[in-house]
Amino acid sequence: MSTLNDFLLVLSAEVQRTLGLWDLRKKTHSQTRRRVCFASDPFLNGETPPRIKDEPDDDGFYASPKEDSKPLKRPREDDDADYKPKKIKTEDIKKAKKRKQEEEEVMWEEERYPEGIKWKFLEHKGPVFAPPYEPLPENVKFYYDGKVMKLSTKAEEVATFFAKMLDHEYTTKEIFRKNFFKDWRKEMTSEEKSTITSLSKCDFTHMSQYFKAQTEARKQMSKEEKQKIKEENERLLKEYGYCVMDNHKERIANFKIEPPGLFRGRGNHPKMGMLKRRIMPEDIIINCSKDSKVPPPPPGHKWKEVRHDNKVTWLVSWTENIQGSIKYIMLNPSSRIKGEKDWQKYETARRLKKCVDKIRNQYREDWKSKEMKVRQRAVALYFIDKLALRAGNEKEEGETADTVGCCSLRVEHIKLHPELDGQEYVVEFDFLGKDSIRYYNKVPVEKRVFKNLQLFMENKQPEDDLFDRLNTSILNKHLQDLMEGLTAKVFRTYNASITLQQQLKELTNPDDNIPAKILSYNRANRAVAILCNHQRAPPKTFEKSMMNLQSKIDAKKEQLADARRELKSAKADAKVRRDEKSKKAVESKKKAVQRIEEQLMKLEVQATDREENKQIALSTSKLNYLDPRISVAWCKKWGIPIEKIYNKTQREKFAWAIDMAEEDYEF
DNA sequence: TCCCTAACTTAGTAACGAAAGT
DNA sequence: ACTTTCGTTACTAAGTTAGGGA
C-alpha cells in the first residue's frame, strides 16, 4: 500500500505545481529527421516526421512517396547523411544535430502540397452498406394487447430494434419510449397505426427471446462456421477497407455505413429512442479524384453526388437524420494524413510551451482589467489552463443533452467557498461535461480569481451564464492573437503532455525492474487521465474480480504466515543441532518467505492499480493527448520494449513517433 | 457580430476474441 | 474442455474550430 501513498503524494505535488508554481523545463531538442517526410509544418522550418515502411507491400504500393511526389527540396546536399535512424554514435548524433540546426535556418523552398490541398490522387471502392433487413420467421410473434399481430415488414424491422434493447434500462425511460413510439408509428401501415396506439400494450418479449437464442446459437457455432464468417469479414476488409491516396495504400477507419437502429445518445438526451434511418446509396456523396476509378453504386441505385474535392480528407459522406449532421468515412489513424495532423498537433502544443509563461502573466494581468469581457476571458482561460477544461461551445437547447464546458459554465455549476477545509478561496465545480461525464472538483484559486467570480455571479440566477460576455469564438480569437495556431484545446494537449513528461521523471526509479517501471508509467498516465477527467463506468464485474483478487491476497497471506512459522521452527532446530543440513534448511525457508513476500507485494500492487483504475480510463489520454514521442523516449531510455506501452494498433498510429524520437526527446 | 455548417478530433461503451484459470 | 477474465477492436456520439454569409 505504501506505493499507493507515494503515488498520491506525487500527484498532490503535481496538483500543487499546477496551482501556482509553473515549472518550465528547458528548451526542447530537435529530433533527427529522415528523408521521407510528411508535408512540412509551416511553423517548423521543415522538421518532418518519417514514414515507417519504406518497402512496397504485396500490392506494390509504397508507404512513402517515390516518383510522383517529389521529396522536399533539401537546402543542402548529402541527403542521406542523417538517414540512419538507429545505432549512431553519439558524436554523429551531435554532428547531425548541429547540421540540422543550420539547416533549419534555411526555409524549405517547396511545400509538398499547396495550402489546403490534402491529396493529389484518391481512389476507393465506396462504402459497405448495412445488410438488408431479414424478416422474422413466421413462428416469432408480436403481441398487441395480448393478441398475436402480424406486422408489415417496415414496422416489424423497427420493432426488432426495440426488442433487441428490451433488457436495457433505457427502454423504460419515458423520453426514449415516447420518441421511439412516435417514429415507429411513422413506419406503420394505416391499419397498424389505428390498431397500435399504446406502446405499453406492445409485447416484444417473444421477439426478444428469439434474438437471445440467435446470439446463443452464434456462440455455439462450430469452428468451421466461425472460420467462414471470419474469412468473409476479411474479404470485405480487403476489398473495401483500403484506399489509395497519393501512392499509398491506406487503411480506411470506418468503411461500413452505420446500420439503422434506435438512437441512444449519451446522458439525458432529448432525442433518445428516435429511429436512425437506413442509409441508401442515394444519400451518399462520394469523394475521389477525377482520374480515379469512381466506385459504382450498387446495381439499380445512384449516388447522391460524386465530387472531387481535394481540400478535404473524407472519402464518403452522408447526412444523418437525428441531428441533421454530416457523417464521414475517413482514413485510419495509421494513415499519412492523420499521422501528419497528429504530429502537427503536438508541435503546436510544443510551441505553446515556449510562450505559456508569457500567456499566463498576461491573463493574470487581465484579471485586473477595467473591461468585464477581458476579465471573464482571463478567468476562463485560467480554468482552461489550470484545470484542462474544454472550450465549451454553446448548444442548442432541446437538441442535445445539457452539458457544458468552460465558456458555457452556468452559475449553478460552481460554488464559492471563502474557506474550506483549511484552504482559502476554494471553487467547487460540479457539472456535466462532454458525454455527460460529471466533473467534480474543489480547487483553491487565487484571490483575484475568486473575487472576479463573485463579481460575475452578482445578481444572476443559477441558470445564467457565468461568463456572459464570453464565448468560444471570442476566446479563440484572442488566443490566435497570442500565438499562431493557438486554440483552447491546445492547452489540454500541452498540459497533458507536459504532465506526463514530468510525472515520468518523478516516478521512474532507475533501480526498478521492468514491471515496476511500467507501473510508474501507468501512474504518470493516470495523473493525466485524472487531469483530463477521463472516466469510465466501473466494469460490470469489477466488484467480483476485486473480491477474487482479495481472496488470492488472503490466501497468499496465510501462505506467508505458514512459511514464517516454518522458518521459525527451522531456526530453532538449527540452534539445537548446529549442523550444515539444518543451516541449509533455514536458508531455504528464508528464501521461501522472501519469495512469498514478493508475490504478495505483486498482488497488492495489482489490486492497488486496479482499484485506482476503477473509474479512470487511460486510453483516451494515451491516444489523444500524450505526445507519443515522450513515451517512446522513455522506453528507449529505460530499455522498456515499446510493446509494453503501446499495443499493435497504437504502434501503428504512432509509427511516426516511434521512428522519430530518441531517448533524449524533450516535449 | 452573429449564426450556421462542414470538417475534423475526442470520447465512452459494447462486442469480440484470446488467454488464463479450474 | 469449459469458464472466466481481460485486452482489443468496432462503433458512433459528442465535442472543437474555421470559415462563409447575412
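Which of the 26 residues around DNA strand B come nearest? They are Lys338, Lys345, Lys434, Arg492 and Tyr625, where a residue is near a molecule or strand if one of its heavy atoms lies within 4 Å of it. This is a predicted model, in which local features need pLDDT of at least 70 and side-chain atom pairs count only at pLDDT 80 or more, while totals for chains, interfaces and linings use all residues. Residues are numbered from 1 along each chain as its sequence is written, chains are lettered from A and ligands numbered from 1 in the order in which they are written, and side-chain values use heavy atoms, with hydrogens and water left out.

The protein chain can be taken domain by domain. The domain assignment of chain A lists domain 1 (110–129 + 224–332), domain 2 (142–220), domain 3 (337–490) and domain 4 (497–660); such bounds come from an automatic or database domain assignment. Between the C-alpha centres of domain 1 and domain 3 the distance is 36 Å. Their contact (heavy atoms within 4.5 Å) takes 13 residues from domain 1 and eight residues from domain 3. About 900 Å² is buried between domain 1 and domain 3, 56% of it on carbon and sulfur atoms; buried area is the accessible area (1.4 Å probe) that two parts lose on being put together, summed over both.

Two UniProt annotations, both from an unreviewed entry, can be set beside this. Positions are given in the numbering used here, feature names are shortened, and annotations may be inferred rather than shown by experiment. According to UniProt, "domain: DNA topoisomerase I eukaryotic-type" covers residues 262–639. Over residues 262–639 the chain is 51% helix and 11% strand, counting DSSP runs numbered from the N terminus (helices are H or I, at least four residues; strands are E, at least two). The end C-alpha atoms of that span are 49 Å apart. UniProt also places a "coiled-coil region" at residues 212–239. That span is 93% helix and 0% strand, with its end C-alpha atoms 32 Å apart.

Now back to DNA strand B. At least two residues of the nearby surface come from each of strand 12 (326–329), helix 8 (336–366), helix 12 (488–507) and helix 16 (619–624), and helix 8 has the largest share, three residues. By class, this surface has eight nonpolar, six polar and twelve charged residues; Ala, Val, Leu, Ile, Met, Phe, Trp, Tyr, Cys and Pro count as nonpolar, Asp, Glu, Lys and Arg as charged, and the others, Gly among them, as polar. On the DNA side, 83% of the strand B atoms within 4 Å of the protein belong to sugar or phosphate, and the rest to bases. Polar contacts (pairs of N or O atoms within 3.5 Å) reach the phosphates. A polar side-chain atom of Lys345 is 2.8 Å from a phosphate oxygen of DNA strand B. For Tyr328 the corresponding distance is 2.9 Å, and for the side chain of Thr313 a phosphate oxygen is 3.0 Å away.

DNA strand C has 29 residues around it, of which Arg266, Lys327, Gly392, Lys489 and Thr649 come nearest. Here 89% of the strand C atoms within 4 Å of the protein belong to sugar or phosphate. The side chains of Asn393 and Thr487 each place a polar atom 2.8 Å from a phosphate oxygen of this strand, whereas Asp435 uses a backbone N or O atom, at 3.1 Å. Helix 11 (472–482), helix 12 and helix 14 (542–577) give two or more residues to the surface near DNA strand C. Helix 14 provides the largest share, three residues. The surface divides into four nonpolar, 14 polar and eleven charged residues.

Conventions:
Polar contact = N/O pair within 3.5 Å; in protein donor to acceptor, adjacent residues only side chain to side chain.
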